[in-house]
Structures are given as structure tokens and as C-alpha cells.
Amino acid sequence: MTNQRWKVAEKDLVHRFDPQEIPFETTDELPDEEIVIGQKRAVRAIDFGLSMQDWGYNIYVSGAPGTGKNTIIKSMIVRAAQTQPTPDDWCFVNNFRDSNRPKALNLPAGRGRALQKDIDQLITFLREELPKAFQSKEYVDQQRLLEEGFAMARDHLSDALKKRAQEEGFAIDLSGFGIRIVPVLKGKALEPEEIERLDLKDREEIERKGKEIHEAFHHFIRQARAIREDVNRKIDALNHQVARYTSEQTFEILRQKYKDHPKVMEQIASVQQDILENFSDFLPQPEAPVPFPGIESAPAHRSMARYAVNVVIDHSGTQGAPVIEETNPTYNNLIGRTEKKGRFGTLYTDFTLIKAGSLLRANGGYLLLNVIDLLRNPFSWEAIKRAIKNQEVKIEDLGDLYGFIATTVLKSEPIPIHLRVVLVGSPLIYHLLHTFDEDFAKIFKVKVDFDVEQDATDGAPLQYGRFIAQLCRKEGLLHFDRTGVAALLEQASRQVSHQKKLSLRFSEIADLIREASHWGRREGKTLVGRSDLLKAVEEKAYRSNLLEEKIREWIAEGTLMVDVAGSAAGQVNGLSVIDLGDFSFGRPSKITARVFIGQSGIVNIEREAKLSGKSHDKGVLILSGYLGGRYGRENPISVSATLCFEQSYAAVEGDSASAAELAALLSALTGIPLRQGIALTGSVNQRGELQAIGGANEKIEGFYDTCKVLGLTGMQGVVIPRQNVKHLMLKEEVVEAAANGRFHIYAVSNIDEAIEILTGQPAGALQPDGTYPEGTVNAAVMRRLSEIGEKMRAAAEEGGETGLLPSPSLSRKRRGGNDR
């Protein structure tokens with residue numbers, strides 16, 4: 001019986017790109033041009049997100065690694081940023097009313113540094129000029145006149161007091177211990193003992209006059225103090241006048257320069273007021289000794305830093321809007337920090353130590369973040385959400401924010417922000433955040449999906465050629481000729497396992513270009529051709545396929561039992577894919593089935609051993625539905641069977657072996673042998689239709705390599721679902737073997753067609769009377785099930801039981817269903 005009607009034609013085993021249809025001779029001919037290949041949906045979404053200015057339209061870029069999403073989003077952001085205005089500079093300045101609450105000032109781009117320089121120059125000027133002004137002859141003369149006037153007034157009052165005291169018979173004694181008023185008799189000061197010896201009348205007279213003199217003295221003190229205070233006021237007014245006169249012109253220049261910035265004008269006025277009140281800080285101060293060598297001591301007077309301007313955001317060199325990519329999004333790197341310095345074993349800080357984070361540096365522009373890096377850093381996710389929702393950044397220490405440290409800290413004024421945050425991550429993270437974070441959907445309203453493949457259109461060779469040319473020029477690689485480009489396109493199709501698609505994982509394609517250039521250069525070539533690219537593919541596989549070769553070796557020596565010749569009942573070669581991350585390969589697995597009389601239904605040994613995944617369990621359960629629907633319409637089915645992946649000691653997942661399991665089960669049930677040289681892969685549904693599976697190329701090539709090791713007979717091949725034909729991008733060796741009849745690939749639509757290939761017998765179609773034609777596989781199945789049913793009923797009657805045994809699916813449910 002021939003199987004030619006299911007055989008896949010050679011032209012359908014691989015899609016070849018004709019080098020003659022490539023519209024250039026070499027990639028060196030192509031000009032450098034920045035293009036985006038195959039990401040129309042993503043580009044459209046990015047363009048929308050960048051142009052939408054409303055709140056909450058931040059962007060989440062979703063896609064598989066290697067699709068160029070970082071490169072594309074950055075290039076589009078940079079282009080958009082160049083057309084936008086440059087945002088303001090931001091500075092922190094001292095709050096002279098409350099130094100623990102620094103004020104934030106914004107100025108046009110570049111003006112922040114100018115203000116800082118102007119204030120520094122002002123302070124430098126005043127530190128030089130104020131001492132000169134207060135040491136000038138005019139100031140010294142005016143101060144001396146005031147002091148002399150005070151001295152003259154004080155001396156006049158003092159002389160008047162002394163004269164009155166002398167008239168009243170008293171003397172005023174000035175000593176280091178104070179002032180003493182003593183009575184005088186005949187030019188001699190009386191001691192207390194001498195006063196006691198005087199008669200009563202004289203003592204009373206001395207006491208009365210003494211009180212008057214004391215009152216006069218206190219009046220003198222009050223007058224002298226009033227004169228001193230008046231002189232001090234005049235000196236203060238003189239000092240204020242000198243300080244204002246010295247600084248006024250400089251401050252007037254500043255006021256004229258920044259008159260359009262009210263907050264800056266307010267700060268200039270505060271600085272001037274503080275300088276006038278504390279001009280002495282600008283005068284020479286006595287040097288204080290350093291108590292401990294090497295330890296910074298506090299200055300003897302207030303620091304000049306209180307007048308400084310701390311420019312935290314400087315856009316003097318920025319053209320357009322800023323584009324910031326934060327590669328280490330810690331809390332401090334995002335929000336900013338207030339640094340601290342040590343002094344005498346303690347830490348201190350001020351507004352000049354405030355540093356901006358990437359949110360402020362990107363203010364007015366774009367901030368690009370990797371979502372995994374963001375989520376891995378404690379507090380960063382909540383911090384960036386808070387900043388976006390409040391539209392401001394408040395630089396706070398974590399200890400103060402969460403109450404870890406109960407100390408006095410700076411509470412700087414929040415800075416308003418308006419920027420677009422762009423997160424780059426995987427689709428899984430997007431869905432998790434969208435599901436479990438109630439704020440995510442509100443603040444990241446634009447999703448950008450990057451595809452991993454595109455249609456192989458007529459313009460694709462030129463697009464990929466330009467990509468090759470750009471990479472070769474950038475990295476000094478060999479350029480490609482037409483055959484090299486055609487081979488690269490075929491590999492791009494193979495990467496996505498589709499004849500009409502091309503891979504958009506440009507990181508992998510770029511690696512292939514680099515490696516092909518390497519092998520071409522080692523051969524002394526000036527251009528990369530087809531052979532160089534295939535060499536790169538082979539060498540890359542060789543570096544990773546040690547396990548594949550070991551498994552093949554074990555099969556060849558018989559350690560792993562795989563039959564690729566002859567026939568056997570209840571046994572078939574299934575195919576699986578082993579994925580090592582950077583390399584995947586197919587291998588055959590012997591699937592066996594055993595059928596016997598009983599009521600346990602279909603037992604999946606992998607499931608019972610807890611080596612089966614959920615998808616595989618589902619595939620096995622579908623078999624019960626197929627058997628019941630096809631063979632149990634008129635009579636209930638009673639059968640016990642086991643299914644097993646022989647010599648499988650790891651977890652089995654996926655339903656691509658369900659067709660092979662069904663074939664083994666039907667073969668075991670009927671005793672009809674299956675051809676061991678034909679492997680079967682495919683998912684089967686309850687109607688017996690074969691469904692597409694993944695890894696078709698790896699599975700076919702894996703079985704071909706096994707047959708090659710054990711000996712090709714010309715009767716071997718693989719049966720795949722018909723839907724997988726478009727996914728075939730087989731290696732040249734396999735295609736050549738199929739073309740020469742040494743290996744065969746069959747594509748079928750249902751299990752009947754697969755059974756016919758495996759058994760060499762017709763499966764048989766259902767007749768109007770509900771039976772199948774004699775000599776067919778399905779007729780044999782019906783006959784065998786009927787025999788088992790009769791034996792089960794006979795056994796039940798002999799054992800005194802009544803009724804029929806439950807169906808396999810029901811019996812399995814009573815035994816636990818899908819529970820492990």
C-alpha cells in the first residue's frame with residue numbers, strides 16, 4: 001500500500017530564498033539608514049504614547065528579549081525629545097526663616113548655573129570689599145567721632161557727679177571692684193569705724209547726703225547707658241549704611257538681571273537682608289585652634305554656604321528635552337538624596353548637599369527604566385508611583401520617610417514634575433502588575449507590544465540587508481553577498497519555525513552575522529557567503545549540543561532502547577523536544593501501551609509517578625473521550641490500559657504525544673503491529689483530528705539523526721499534523737535525504753490517516769449500520785472491545801455481580817481524577 005498521498009513534497013520541506021531576487025549585490029552597496037523592521041504595531045503605540053501629553057499616559061514596552069525594543073524605543077524618544085523645549089534648571093537655596101526647609105527655585109535652562117556663579121561672585125566681592133569699607137579712614141573717623149562724643153558726654157556727666165559729691169562732702173572712689181561713695185571730713189575719707197565715733201546728728205546728716213549722692217549716681221548710670229545705646233544705634237546705622245553702600249550696587253545688578261523671576265528676586269532680597277544683619281561674618285575673625293588634628297572643626301562664624309545656590313538640575317548643555325536611562329533604579333538614584341558629612345564623630349548636612357535623582361534629571365523629558373531592575377530595588381516602585389501620582393518629587397531620606405531614624409532632617413520643598421516614564425519588561429510582568437497593582441493601569445495607560453516575527457514580504461531582503469550593512473559598518477565586520485543574505489533570511493525563518501515569517505529577534509541575528517563574519521575572515525574571504533553563514537550555524541550548535549550527542553550515543557549503543565526498524569504491537573516512537581535555553585533538539589521516546597481486562601480505564605504511568613504535567617494529563621484524558629465517542633456509541637466500553645514513556649525519568653509536559661499514545665493504545669488493543677521506523681507526533685482531539693504542535697523541525701531532525709546512527713533503511717520517516725507543514729524549515733541534509741527517498745515526512749489530518757501509515761492497513765470508515773469494514777483497524781478495535789466486554793460481563797455474572805462496569809473516564813474519576 002502506498003503512502004504517497006500523505007508524503008510532504010520536497011518544496012514544502014523548507015522555504016528557500018532565491019539569491020537572484022535580492023535587489024543588491026552586496027550589503028556594502030546599501031546606505032546607512034535608521035529603520036524599524038516589522039514592528040508597525042509597536043511603533044504606532046510608541047508614537048501615540050510620546051505625543052499624548054495628558055496625565056497617566058506613561059508607556060510600558062512589552063516584548064521578548066532580543067527584539068530590539070530598547071534600541072527602538074530609545075531612538076524614537078531621542079527623536080521626539082529633540083523637537084521639544086528644554087526644561088528649566090532647578091536649584092535649592094537656603095530658607096533664611098527656617099534653614100531645615102530649603103526652597104526650590106527654577107530658572108530657564110542654563111540660568112541656574114549663572115545664578116550660582118553670580119551669588120558666588122557676590123559673596124567673594126563682599127568678603128573682599130566689606131573689610132576694606134570697615135577699615136577705611138572715613139568709617140574709622142566717623143566711628144571715632146561717635147565714640148569720642150560718647151566719652152565726652154560720659155566725662156561731662158561724671159565731672160558733674162563728682163562736683164556735687166564734693167560739695168556734699170563725699171568722694172567717689174573708682175576701683176577694680178566697682179564704684180564706692182565715701183564721706184570726707186577735712187579732706188580725709190572716713191572709714192566706717194570713724195563714722196561710728198561721730199555724734200548722732202553728724203551721722204544722720206552723712207546718711208541723708210549719702211542717699212542723695214547714690215540717687216545722683218544711679219541717675220548718672222542711666223544717663224550714661226542711654227548715651228551708650230544712642231551711640232550704638234548710630235554705630236549700627238553707620239555699619240548698616242556702610243554695608244548697604246558697599247553691596248547695593250552689586251545687588252542692584254542682580255535684581256536687574258533676574259527681575260523676571262519673582263522667586264529669585266525674593267531670594268536675593270533675603271540674602272541682602274541677612275548680609276546686612278550679619279555683615280560681621282565678612283570681617284576678619286580670630287583663628288580658633290584646631291582641637292584635634294585631622295578633624296574638621298566648626299567655623300568661628302556662620303558659614304558662607306548659607307548664601308550658596310545648589311544647582312541640582314543643570315540643562316545648560318541640553319538640546320531639547322532630556323532623555324535619561326536609569327540602569328540602577330535604587331530609591332536614592334530615582335528620588336535623590338541628601339548627603340552627609342562627618343564632624344567630631346557626628347553627621348551633619350545642609351541644603352548644599354542635596355542631590356537630584358533621575359526623576360528630576362528627566363523632568364520635562366523622558367525616563368527609561370527596566371521594570372525588573374525597578375521591582376528588585378526596595379521602595380523604588382512605590383516611590384516612582386508616588387511621584388507620578390502627585391506630579392512632584394520630594395527628596396526625603398528613607399529613614400525619615402518610613403520613620404526608621406528619629407532625627408532632625410532637611411525637608412526640602414517638593415519640585416513639580418512633568419515627564420513621560422517608559423518601562424521596559426516582559427508581558428508576564430505587565431499582566432501581573434495590571435492584575436495585582438490597582439495604580440498600574442491608571443499611570444501606565446499605553447502598552448507597546450513588540451512582536452517576535454513578521455511576514456516574509458518582498459521588501460524583507462532589503463530591510464534585513466540594511467540591518468546587516470549597518471551592523472557591519474558599525475563593528476567592522478565583513479559585508480554579505482546575496483547568498484549570505486539569502487542564507488540569513490532562511491535562518492530567520494527557521495528561528496520562528498515558519499516558512500512565511502521572519503524572526504525579529506535581532507540580537508540573535510546580529511550574533512549570527514558576527515560569527516559568520518568571523519568564519520569568513522578566517523577563510524580569507526572579503527564577503528560572507530552562504531557557506532560561511534551555515535558554518536556559523538553549525539559551529540554554534542556544536543558548542544551547545546553535547547547532551548544531544550550523548551543521547552544519540554546512548555541510543556546507538558543500546559543503553560536507550562529505540563527501535564527504528566521492524567514492527568511491534570503496542571509500541572510507537574513518539575518525539576519530544578529538549579530545550580536547554582540556548583539550544584534545543586528533538587529525540588525519540590519509546591511509548592508503550594498495555595491493554596488487559598479490567599475496569600481501571602486508561603492509566604497514565606507518568607501521572608501516577610508524578611512525572612506528568614497538566615497539559616500531558618489533559619492529552620491522555622482526551623483519549624478516553626475519543627475511544628468512548630468512536631467505539632462506545634452503542635455499547636459501553638470496559639477496558640484497562642496503561643501508557644508509558646519508557647526510560648523517561650524527568651517530567652513530561654505537553655500534549656504533542658497524544659496521537660502517538662492513541663496509536664500505541666489501538667495497536668495494543670488489536671494486536672496490529674506498528675512500523676517502528678515511523679515516528680508520530682501530534683496532538684489529537686476527541687474527534688480524532690490531529691492538531692499542530694511545536695518544535696516540528698527539531699523533532700523531525702532528531703528522529704532523522706537517530707535513524708542515521710542506527711542505519712537508514714529508506715523506510716523510515718515522521719508523521720506530523722498537516723497544519724505543521726508551513727512550519728517546516730528543515731536542514732539541508734534532511735531535505736536531501738527526503739528528496740532521495742532515504743527518509744520520509746508525512747502530513748496527516750486525523751488519527752485514521754496516521755494509523756494507516758503506521759500499520760499499512762486501512763483505518764476504515766464508519767458504515768451506515770454502525771460497523772466498520774472487515775480488515776480495517778477500526779473493525780479490529782470494535783471486535784476486541786466487544787470481546788473484552790463479553791468477558792467482563794461473564795466474569796461479573798460468575799461473581800454474582802449485576803450491571804455493567806463503568807466507563808474508563810468514570811472509573812478514573814472515582815480513582816481521583818486529575819488530583820495527584
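Okay, before anything else: when I say two strands pair, I mean that DSSP finds at least two bridges between them. Helices (H or I, at least four residues) and strands (E, at least two) are DSSP runs, numbered from the N terminus. With that, here's a first example: S23 and strand S28, residues 678-680, pair in the parallel sense over two bridges. Gly574 has Leu680 as its bridge partner in S28.

Some housekeeping. This is a predicted model, where local features need pLDDT of at least 70 and side-chain atom pairs count only at pLDDT 80 or more, while totals for chains, interfaces and linings use all residues. Residues are numbered from 1 along each chain as its sequence is written, and side-chain values use heavy atoms, with hydrogens and water left out.

So, confidence. pLDDT is the predictor's confidence in each residue, from 0 to 100. The protein chain averages 88, and 91% of the residues score at least 70. Going element by element, strand S13 (residues 366-370) has the highest mean pLDDT, 97, and helix H27 (residues 808-814) the lowest, 39. Over residues 801-820 the pLDDT is below 50, and beyond near neighbours in sequence that stretch has 40 contacts in the model, a contact being heavy atoms within 4.5 Å. Where pLDDT is low, the predicted coordinates should not be read in detail.

Now the parallel sheet. It's open, with five strands in the order S8-S13-S16-S1-S17, and the pairing is parallel. At the edges you'll find strand S8 (323-326) and strand S17 (446-450), each of which pairs on one side only. From one strand to the next, the twist averages 20°. For the angles, axes are lines fitted to C-alpha atoms, for helices over the stretch in contact, and angles run from 0 to 180 degrees between N-to-C directions.

Look at strand S1, residues 59-63: five bridges join S1 to S17, and the two run parallel. If you want one spot to click on, Ser62 has Asp449 as its bridge partner in S17. Helix H13 (residues 427-436) lies across S1, strand S16 (420-425) and S17, and runs at about 135° to S1.

Just ahead on the way into S1, there's Gln53, in the loop between helix H1 (40-51) and S1. Is Gln53 buried or exposed? Neither, really: Gln53 counts as partly exposed because its relative accessibility is 44%. The cut-offs are under 20% relative accessible area for buried, over 50% for exposed, and partly exposed in between, with a 1.4 Å probe and protein chains only. And which residues does Gln53 contact, leaving aside its neighbours within four places in sequence? His418 and Arg420. Arg420 is 367 residues away from Gln53 in sequence, yet their C-alpha atoms are 8.6 Å apart in space.

Next, the antiparallel sheet. This one is open too, with three strands in the order S3-S2-S7. Strand S3 (103-107) and strand S7 (309-313) stand at the edges with a single partner strand each, so one side of each is left without a neighbour in the sheet. Ignoring direction, neighbouring strands here are turned by 35° against each other on average. Strand S2 (residues 89-93) is joined to S3 by five bridges, running antiparallel, and Asp89 stands opposite Leu107 in S3. Two helices to mention: H3 (residues 111-134) lies across S2, S3 and S7, at about 165° to S7, and H7 (residues 262-277) lies across S2 and S3, at about 130° to S3.

Back to S23, residues 571-579. Nine bridges join S23 to strand S24 (residues 584-596), and these run antiparallel. Here Asn573 has Lys590 as its bridge partner in S24. The hairpin has four residues between the strands, and Gly581 takes a positive phi near 95°.

That brings me to helix H19, residues 546-556, where Glu548, Ile551 and Ile555 are buried. They sit on the same side of H19 because they cover an arc of only 65° around the axis, the arc being that of the directions from the helix axis to the C-beta atoms. What covers them includes S23, S24 and helix H23 (696-710). Just after H19, Gly558 takes a positive phi of about 90°.

Last item, cysteines. How many disulfides are there? Taking a disulfide as a pair of cysteine sulfur atoms within 2.5 Å, the count is zero. Cys472 counts as buried because its relative accessibility is 2%, and Cys644 is buried as well, at 13%.
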